[in-house]
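Let's take a walk through this model, stopping at the helices, the hollow spaces and a few residues along the way. Keep the sequence and the 3D view open as you read.

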Amino acid sequence: MEADLVARLEEKERQLERYAADLRETFKAERAREAELRASYMATVRALANAVEARDAYTGRHAERVAAYGLEIARAAGLELADDPQTEFGFLLHDVGKVAVPDAILFKPAPLTDDERVLMERHPAIGSDILRDIDFLGDAKLVVRHHHERWDGQGYPDGLEGEDIPQAARLFAVADALDALTTDRPYRPAGTFADARRIIADGAGTQFCPASVAALDAVRDERLEELRT
Ligand SMILES: [Fe+2]
């Protein structure tokens, strides 16, 4: 009788071990699928971002650089959004709406007319429309739509003001300006990081979110230089 009981208990134990082993295998397979999915999301986002940049030899790799600056500034500010993949997706895709802006406007080596500016300023809304149904992008779409809003409410497309502007978009605006000011343009050579910091600091509280400008101050020039290259 007792031997029978022991045998049954041993069988139960073996069964439990088999269940545990099955669960471990399932879990491992699930993790591998998740990693695969994440990698293909990232590849898709990069492909889209590259499709936009391929038109513009001048700004070459602007999206990658500005994404790196933006994430570094977010980390300096200790923001959780620095670790959210959707933040990086938004940074990489911010100008995807420029696919709808004609070359003659996008590459015009002179100031835009009022009509041309209206067309140019549609790119954030167009970009967020293009991405509308892609669920995995989540808050990335907010960066795309709001990256040209200004802290004082004078930006576009929605004229949002202050903290009504999504945090990632406020922070991105600083990174975007930093890259624009430190890159050669048809009408002027690149400025230094020191020049760019001065100009951005002047815009704190009007164009830019003061906390995001302060976060940029916490990132050293040497680090920015590393990210640029
Ligand atoms: Fe833009």
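## What covers helix 1

Keep in mind throughout that this is a predicted model. A good place to start is helix 1, where the cover over the buried residues includes helix 2 (62-76) and helix 3 (85-93). The buried residues in question include Val-45, Ala-49, Val-52 and Glu-53.

How does the span of helix 1 check out? Helix 1 runs over residues 2-53, and at 1.5 Å a residue its 52 residues should span 76 Å. The C-alpha atoms at its ends sit 76 Å apart, so the two values agree.

## Thr-87 in helix 3

Now look at Thr-87, which belongs to helix 3. Is Thr-87 buried or exposed? Its relative accessibility is just 5%, and because the cut-off for buried is under 20%, Thr-87 counts as buried.

The side chain of Thr-87 has a polar atom 2.6 Å from the backbone oxygen of Leu-81. Once you set aside neighbours within four places in sequence, Thr-87 is in contact with Leu-71 and Leu-81. Leu-81 therefore turns up in both the polar distance and the contact list for Thr-87.

## The largest pocket

If you're hunting for open space, the largest pocket has a volume of about 1,400 Å³. It is lined by 45 residues, and those closest to its centre are Lys-98, Met-120, His-148, Arg-185 and Tyr-187.

Which helix gives the largest share of this lining? That's helix 8, with five residues. Helix 1, helix 2, helix 3, helix 4 (103-106), helix 5 (114-120), helix 8 (167-181) and helix 9 (193-202) each put in at least two residues. Sorted by class, the pocket lining has 25 nonpolar, 12 charged and eight polar residues.

## One cavity

What about enclosed space? Searching the whole structure turns up one cavity of 30 Å³ or more. The largest cavity holds about 40 Å³ of space.

Its lining is made up of Glu-149, Arg-150, Trp-151, Ile-165, Ala-169, Arg-170, Ala-173, Gln-207, Phe-208 and Cys-209. By class, that gives six nonpolar, three charged and one polar residue.

## Two prolines between helix 7 and helix 8

The loop between helix 7 (140-146) and helix 8 is home to Pro-157. Here you'll find a cis peptide bond, running from Tyr-156 to Pro-157, with omega near 5°.

Pro-166 also lies in the loop between helix 7 and helix 8. With a relative accessibility of 18%, Pro-166 counts as buried. Leaving out residues up to four places away in sequence, Pro-166 touches Leu-142, His-146 and Leu-160. Pro-166 and Glu-149 are 17 residues apart in sequence, with 9.6 Å between their C-alpha atoms. Glu-149 is also one of the residues lining the largest cavity.

## Arg-220

Last stop: Arg-220, in the loop between helix 10 (210-217) and helix 11 (221-228). Why does Arg-220 count as exposed? Its relative accessibility is 57%, and the cut-off for exposed is over 50%, so Arg-220 counts as exposed.

The side chain of Arg-220 makes a polar contact with the side chain of Glu-222, at 3.2 Å. Phe-193 is 27 residues from Arg-220 along the chain, and their C-alpha atoms are 9.7 Å apart.

Methods:
Residues numbered from 1 in each chain as written. Predicted model: local features only at pLDDT ≥ 70, side-chain atom pairs only at ≥ 80, totals over all residues. Heavy atoms only, no water. Helix = DSSP H or I, 4+ residues; strand = E, 2+ residues; numbered from the N terminus. Expected span 1.5 Å × (residues − 1). Buried < 20%, exposed > 50% of the residue type's maximum accessible area, 1.4 Å probe, protein only. Contact = heavy atoms within 4.5 Å. 1 Å grid on protein atoms, 1.4 Å probe; cavity = no way out; pocket = protein on both sides within 12 Å on 5 of 7 lines; lining within 4 Å. Points joined across faces, edges and corners; volume = space filled by probe spheres on them. Nonpolar A, V, L, I, M, F, W, Y, C, P; charged D, E, K, R; others polar. Polar contact = N/O pair within 3.5 Å; in protein donor to acceptor, adjacent residues only side chain to side chain.
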